[in-house]
Amino acid sequence: MHNTAFTNPPPRRLAGLALIRDENGRVLLLDKMYRQGSDRFGLVGGLAEAGEPASVACQRHVTRETGLRVVPMGLLVVHHMPGKGEVPEGENNVFDCGTIPSDTELILPPEEFREHRWLHPDDLRGLVAPYTEWRINVALDAGEGGPVRYLVGHPTFPMTELAA
């Protein structure tokens, strides 16, 4: 019997996100106009288009959202997020996009972003959503030589890693 799930799989989101650091080890975050509360701040990046690899989506979004030209150097985290309401489940792939000086001029689309911030990992709690904090901290660990991690869902505090 033919399994149609292989030829007609359920919809899933695929995203490429950029971990960009400055010379002080701070992480670049964007304040998104279309989000509220702790969901406002997130890594640069976004959804892949049909047939587009997550790394290419990451590169495209970084250029469009900041004006920077980067080449994703390596995968740090794959984060499976459950569906919520009309939003299907998906995977966010975080790539190491290097270090840039904190005074680098960024060109943010004003209709999409309020501002950018460079934040030290210790300053994330309370400003970003728990899943964003978890994702960033695990990505930073991988960027320092730790393993690439596969995260599932939302963390609880203290942050219990649901990684395989």
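A residue is called buried here when its relative accessible area is under 20%, exposed when that figure is over 50%, and partly exposed in between. Keep in mind that this is a predicted model.

**Starting at M81**

With a relative accessibility of 8%, M81 falls under the 20% cut-off, so it counts as buried. You'll find M81 in strand β5, which covers residues 74-81. Leaving aside residues up to four places away in sequence, M81 touches R13, E89, G90, N92, Y131, R135, G153 and H154. Take Y131 from that list: it sits 50 residues from M81 along the chain, and the two C-alpha atoms are 9.2 Å apart.

**How the strands pair up**

Strand β5 pairs with β6 in the antiparallel sense, over seven bridges. One of these pairings matches G74 with D96 in β6. On β1 the direction changes: β1 and β6 run parallel, joined by eight bridges. Here G16 has N93 of β6 as its bridge partner. How covered is β6 itself? Mostly: eight of its ten residues are buried.

**Helix α2 and what it leans on**

Helix α2 runs over residues 54-66. Its 13 residues should span 18 Å at 1.5 Å a residue, and the end C-alpha atoms are indeed 18 Å apart, so expectation and model agree. Which residues of α2 are buried? They are A54, A57, C58, H61, V62, E65 and T66. Looking down the axis of α2, you'd see these buried residues fall within an arc of 135°, so they line one face of the helix. As general background, an α-helix has 3.6 residues a turn, so residues three or four places apart point the same way. The buried residues of α2 pack against β1, β2, β4, β6 and β7. Just past the end of α2, G67 takes a positive phi of about 85°.

**The nonpolar cores**

Nonpolar side chains in soluble globular proteins tend to be buried together. In this model the largest nonpolar core has 19 residues, and those with the most contacts inside it are L19, V27, L29, L43, V77, V94 and I136. Strands β1, β2 and β5 and helix α3 (130-143) each supply at least two residues of this core. Helix α3 gives the largest share, six residues. As for I136, its contacts beyond four places in sequence are V27, L29, L43 and L124. Apart from that core lies another one of 17 residues, among them A18, V44, V62 and F113.

**Salt bridges**

Side chains of opposite charge can pair when their charged atoms come close. A search of the whole structure turns up twelve salt bridges. Here are some of them:

| Pair | Closest N to O distance |
|---|---|
| R114 and D31 | 2.8 Å |
| E133 and R125 | 3.1 Å |
| R60 and E49 | 3.7 Å |

Take R114 and D31. R114 belongs to strand β7 (residues 113-119) and D31 to strand β2 (residues 27-32), so this pair ties together parts that are 83 residues apart in sequence. Are the two partners buried or exposed? R114 is partly exposed, with a relative accessible area of 33%, while D31 is buried at 0%.

The salt bridge between R60 and E49 works over a shorter stretch of chain: R60 is in helix α2 and E49 in the loop between β4 (44-47) and α2, so the parts it ties together are eleven residues apart in sequence. R60 counts as partly exposed, at 27% relative accessibility.

In the salt bridge of E133 with R125, E133 is buried, with a relative accessible area of 5%, whereas R125 counts as exposed at 51%. Elsewhere, salt bridges that share partners join R21, D96 and E144 into one network.

**W118, over on β7**

W118 has its place in strand β7. Its relative accessibility is 12%, so W118 counts as buried. What does W118 touch, not counting residues up to four places away in sequence? The list is I20, R21, D22, R26, V27, L28, I100, P101 and S102. G143 is 25 residues from W118 along the chain, and their C-alpha atoms are separated by 17 Å.

Definitions and conventions: Residues are numbered from 1 along each chain as its sequence is written. This is a predicted model: local features need pLDDT of at least 70, side-chain atom pairs count only at pLDDT 80 or more; totals for chains, interfaces and linings use all residues. Side-chain values use heavy atoms; hydrogens and water are left out. Helices (H or I, at least four residues) and strands (E, at least two) are DSSP runs, numbered from the N terminus. Buried means under 20% relative accessible area, exposed over 50%, partly exposed in between (1.4 Å probe, protein chains only). Contact means heavy atoms within 4.5 Å. A salt bridge is a side-chain nitrogen of Lys or Arg within 4 Å of a carboxyl oxygen of Asp or Glu. A nonpolar core is a set of buried Ala, Val, Leu, Ile, Met, Phe, Trp, Tyr and Cys residues joined through side-chain atoms within 4.5 Å. The expected span of a helix is 1.5 Å times one less than its number of residues. The arc is that of the directions from the helix axis to the C-beta atoms. Two strands pair if DSSP finds at least two bridges between them.
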